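Me: Please take a close look at the salt bridges of this model and go through the pairs one by one, saying where each partner sits in the fold and how open to solvent it is. I would like the cut-offs stated as you go.

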Amino acid sequence: MNKNELVRAIANNIGITLKDAAIVLDGTIDAITEGLKAGEKVQISGFGTFELKSKPARDGINPKTGEKIKIGESKIPAFKFGKAYKDSFN
């Protein structure tokens, strides 16, 4: 399912226009992104939790030259499904 299909599904499920569904989806994504940027966990009860995870600094290899390089610490967004949501598939 791509974004357009998701917008269509949202519109059909709650009986709103495609334009309004797109606004709702974009607003949701923006709110989650802003929460993560502020260093917060974003928890949606019964669904899951979005959070930033730290990826430690590590050694790497430049694939073009084979030269060893240092890759700095970084933060990556992660999502963990809630137990109730995972259980709904079994």
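Reply: For the exposure words used below, buried means under 20% relative accessible area, exposed over 50%, and partly exposed in between, with a 1.4 Å probe and only the protein chains taken into account. This is a predicted model, in which local features need pLDDT of at least 70 and side-chain atom pairs count only at pLDDT 80 or more, while totals for chains, interfaces and linings use all residues. Residues are numbered from 1 along each chain as its sequence is written, and side-chain values rest on heavy atoms, with hydrogens and water left out.

Before the pairs, Gly15 serves to try out the scale: with a relative accessible area of 65%, Gly15 is exposed. Gly15 lies in the loop between helix 1 and helix 2, where helices (H or I, at least four residues) and strands (E, at least two) are DSSP runs numbered from the N terminus. Ile16 has its place in that loop between helix 1 (3-14) and helix 2 as well, but at 30% relative accessibility Ile16 counts as partly exposed. From Gly15 to Thr49 the C-alpha to C-alpha distance is 27 Å, across 34 residues of sequence.

Now to the pairs themselves. Side chains of opposite charge can pair when their charged atoms come close. A search of the whole structure finds five salt bridges, each being a side-chain nitrogen of Lys or Arg within 4 Å of a carboxyl oxygen of Asp or Glu.

One of them joins the side chains of Glu51 and Lys41, at 3.9 Å from N to O. Because Glu51 lies in strand 2 (residues 48-55) and Lys41 in the loop between helix 2 and strand 1 (42-44), this pair ties together parts that are 10 residues apart in sequence. Lys41 counts as exposed, at 54% relative accessibility.

Another pair is formed by Lys70 and Asp59, whose closest N and O atoms are 2.9 Å apart. Lys70 belongs to strand 4 (residues 68-71) and Asp59 to strand 3 (residues 58-61), so here the parts tied together are 11 residues apart in sequence. Turning to solvent, Lys70 is exposed with a relative accessible area of 71%, and Asp59 is exposed with 56%.

A further salt bridge runs between Lys83 and Asp87, with 2.7 Å between the closest N and O atoms. Both of these residues lie in helix 3 (residues 83-87), four residues apart, which is about one turn of the helix. Lys83, at 61% relative accessibility, counts as exposed, whereas Asp87 is partly exposed with a relative accessible area of 40%. Apart from such pairs there is also a linked set, since salt bridges that share partners join Lys41, Glu51 and Lys53 into one network.

For another acidic residue, turn to Asp20, which is found in helix 2. At 38% relative accessibility Asp20 counts as partly exposed, and the C-alpha atoms of Asp20 and Gly46 are 24 Å apart in space, with the two residues 26 apart in sequence.
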